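Student: I would like a close look at a single part of this protein, with each term explained as it comes up. Could you take me through the place where the two parts of the chain meet?

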Amino acid sequence: MKRKLKFATECVHAGEKPDPVFGAHTTPIFQTSTFIFESVEQGASRFAGEEDGYIYTRIPPNTPTHAVLTEKFAALEGGETGQTFASGMAAITAVVLTALKQGDHLISTDVVYGCTYSLFSEILPGLGIDVTFVDTTDIENVKKALKPDTKMIFLETPANPTLNICDIREIAGLARKQGVICVVDNTFATPYFQKPLLLGADISLSSCTKYIGGHADLLGGIVVCSKDFMKSLAKVVGYTGGVMGLHEAWLCIRGLKTLHIRMERHAENAQKVASFLESHPGVEWVRYPGLSDHPQHEAAKKQMSGYGGMLSFSIRGGIEAGNRLMNNVRLCSLAVSLGATDTLIQHPASMTHACVPKEVRGKVGITDGLVRLSIGIEDPEDIIADLEQALSKV
Ligand SMILES: *Cc1c(COP(=O)(O)O)cnc(C)c1O
């Protein structure tokens with residue numbers, strides 16, 4: 001039996017195939033929109049799905065560059081297959097359009113990425129899809145929200161930006177019993193720290209824009225799922241066309257080769273910054289899954305092998321103090337997005353989650369004073385020194 005490779009080795013090697021034509025060591029960018037068939041018969045059998053192979057770059061499996069990325073990432077997530085997208089939102093949209101139709105009901109974590117919230121609350125109801133947002137940190141809320149026509153449970157854990165954690169194994173188990181698809185947005189943790197499919201979820205999806213690309217220089221999304229789900233997803237991809245660009249796919253392959261090293265450093269730094277903030281008298285509270293006072297620290301410990309690079313906090317003096325802090329950082333960049341090599345700081349209530357109505361933000365804990373940090377891979381002493389000098393100006 002073939003020995004199963006370790007995660008770090010798979011980051012580097014999984015999916016990679018030596019170029020059969022020239023022997024190029026790295027995966028080439030197959031910069032083409034279409035593929036030549038050897039015969040009319042071959043073209044027809046590819047279109048009929050009777051023969052594997054490439055057809056046209058919009059149609060899965062898109063190009064060999066895309067296929068390498070998909071195979072590598074599916075190996076990292078422990079899934080069968082997958083699909084790349086032009087962005088994380090394109091991935092979420094395609095999964096929802098594949099699994100849900102008019103009259104269906106979706107249960108979603110109440111604290112989700114801002115545009116996911118808007119897609120679910122503004123667009124889906126117009127398609128006749130009913131959505132209920134619940135606090136998924138307690139499975140009882142999910143049970144109460146189940147309806148006869150519930151078809152999907154969508155979880156985001158750790159959640160953006162409150163870092164709430166929900167128990168994937170527990171909720172995926174409930175979903176399975178009910179015959180409901182369980183989808184997890186794994187963007188914050190990445191498969192290095194959390195493998196939703198191995199915890200029982202049906203689909204794991206991520207924004208590649210964040211840790212997968214890892215260098216804040218691309219937009220992308222990826223879904224890992226069963227071959228069976230992929231058959232339906234492939235149609236939606238082909239008909240709607242939100243596929244990943246070739247250069248982005250190549251950058252994601254390159255990014256993944258260092259995922260394990262970067263995530264280790266992101267998490268190590270985040271734990272140090274979280275401890276620093278927690279001990280600072282100007283800081284009201286800190287939320288990081290790796291802190292023992294995180295309300296779901298035990299759940300995080302159970303399902304994650306590390307706590308990631310994201311944290312949120314609030315400083316005394318409310319939003320005015322928070323604004324002074326954000327306007328005074330020097331090393332940290334005042335920017336949305338996350339998962340970059342550089343430390344990024346931003347204000348969810350006025351930026352990433354401004355599209356979530358204020359009363360909803362208040363209810364789910366996205367307070368006006370909440371500041372979000374995406375901890376980079378710089379030297380932690382420099383990140384802490386920058387925050388310290390900015391806090392001294394508050
Ligand atoms: C950024 C993000 C998305 C959306 O991804 P894009 O690539 O920006 O479309 C979805 N979910 C989470 C948790 C995110 O952080």
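Tutor: What follows is a walk across the boundary between the two domains, ending at one residue beside it in the account.

This is a predicted model, in which local features need pLDDT of at least 70 and side-chain atom pairs count only at pLDDT 80 or more, while totals for chains, interfaces and linings use all residues. Residues are numbered from 1 along each chain as its sequence is written, and side-chain values use heavy atoms, with hydrogens and water left out.

The chain is divided into domain 1 (7-256) and domain 2 (259-391), bounds that come from an automatic or database domain assignment. Taken over C-alpha atoms, the centres of the two domains are 26 Å apart. Where they meet, 44 residues of domain 1 are in contact with 42 residues of domain 2, contact meaning heavy atoms within 4.5 Å. The size of an interface is often given as the accessible area lost when the parts come together. Here the buried area (accessible area, with a 1.4 Å probe, that two parts lose on being put together, summed over both) is about 3,400 Å², and carbon and sulfur atoms give 63% of that. Ile165, Phe193 and Tyr211 supply 24% of the area that domain 1 buries against domain 2, more than any other three residues.

Polar atoms also take part, for 21 residue pairs, both at pLDDT 80 or more, are in polar contact across the interface; such a contact is a pair of N or O atoms within 3.5 Å, where within protein one must be able to donate a hydrogen and the other to accept it, and residues adjacent in sequence count only if both atoms are side-chain atoms. Between the domains the count is one salt bridge, that is, a side-chain nitrogen of Lys or Arg within 4 Å of a carboxyl oxygen of Asp or Glu. Lys302 forms a salt bridge with Asp167, and their closest N and O atoms are 2.7 Å apart.

Now consider Thr157, which is found in the loop between strand S4 (150-156) and helix H7 (168-178); helices (H or I, at least four residues) and strands (E, at least two) are DSSP runs, numbered from the N terminus. Thr157 is buried, with a relative accessible area of 0%, where buried means under 20%, exposed over 50% and partly exposed in between (1.4 Å probe, protein chains only). Not counting residues up to four places away in sequence, Thr157 touches several residues, including Ile165, Cys166 and Gln303. A polar atom of the Thr157 side chain lies 3.1 Å from the backbone nitrogen of Cys166.
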